[in-house]
Amino acid sequence: MQHNRNNNCDKVAITMKRRTTPTKEAVMAVLTSTTKALSQDAIVQKIEIGIDRATIYRVLNQFCDDNLVHRIVADDGKQYFAVCIKCDQQQLPDNHFHFRCTSCQSIECLPSMVHFSVPVNYQVERVNCILVGVCKECGS
Ligand SMILES: [Zn+2]
Ligand SMILES: [Zn+2]
């Protein structure tokens with residue numbers, strides 16, 4: 001089976017075109033190279049051109065503001081980043097579960113929508129649902 005990893009995601013490409021810099025391109029290339037969410041440290045390690053951490057963090061925040069990337073604060077206290085739009089799969093619901101694997105230390109976005117209810121007069125601004133366990137790659 002042939003798998004084309006260079007398939008460009010149209011929506012990412014269009015939004016990126018607004019003002020693309022080598023730094024933005026490098027960070028986005030790292031994020032789209034995996035189906036998993038990456039910690040800032042992992043992103044810094046994967047980028048080969050010399051960009052300082054502060055710049056990478058600023059770019060990640062910008063991507064979050066543009067809704068290209070979402071931030072996951074895991075139960076281990078670290079921040080992880082994942083692209084919102086994936087070319088080869090359906091778009092994720094806004095509120096979805098995240099799965100943290102204790103074996104390979106990765107975080108994955110699950111396509112499962114989060115359903116919940118809150119008492120009257122409570123307004124939910126953010127949802128952070130982390131499931132912890134063993135992922136399908138580590139479990140099989
Ligand atoms: Zn795993
Ligand atoms: Zn996610």
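Guide: Two strands pair if DSSP finds at least two bridges between them; strands (E, at least two residues) and helices (H or I, at least four) are DSSP runs numbered from the N terminus. This is a predicted model, in which local features need pLDDT of at least 70 and side-chain atom pairs pLDDT 80 or more, while totals for chains, interfaces and linings use all residues. Residues are numbered from 1 along each chain as its sequence is written, with chains lettered from A and ligands numbered from 1 in the order written.

Visitor: What is the order of the strands in the open sheet?

Guide: The sheet has six strands, and their pairing is mixed. Read across, the order is β2-β3-β1-β5-β4-β6.

Visitor: Which strands stand at the edges?

Guide: An edge strand here has a single partner, so one side of it is left without a neighbour in the sheet. That describes β2 (69-73) and β6 (130-133).

Visitor: Which residue of β3 is the bridge partner of Leu38?

Guide: β1 and β3 run antiparallel and are joined by two bridges. In β3, the partner of Leu38 is Phe81.

Visitor: Which strand gives the most residues to the largest nonpolar core?

Guide: Such a core joins buried Ala, Val, Leu, Ile, Met, Phe, Trp, Tyr and Cys through C-beta atoms within 7 Å (buried: 20 or more other C-beta atoms, placed from the backbone, within 10 Å of the residue's own). The largest core has 18 residues, and those with the most contacts inside it include Ala37 and Phe81. At least two residues each come from α2 (22-32), β1 (36-39), α4 (53-65), β3 (79-83) and β5 (107-113). With four residues, the top contributor is β3.

Conventions: A residue is buried if 20 or more other C-beta atoms lie within 10 Å of its own, exposed if 12 or fewer, and partly exposed in between; C-beta atoms are placed from the backbone.
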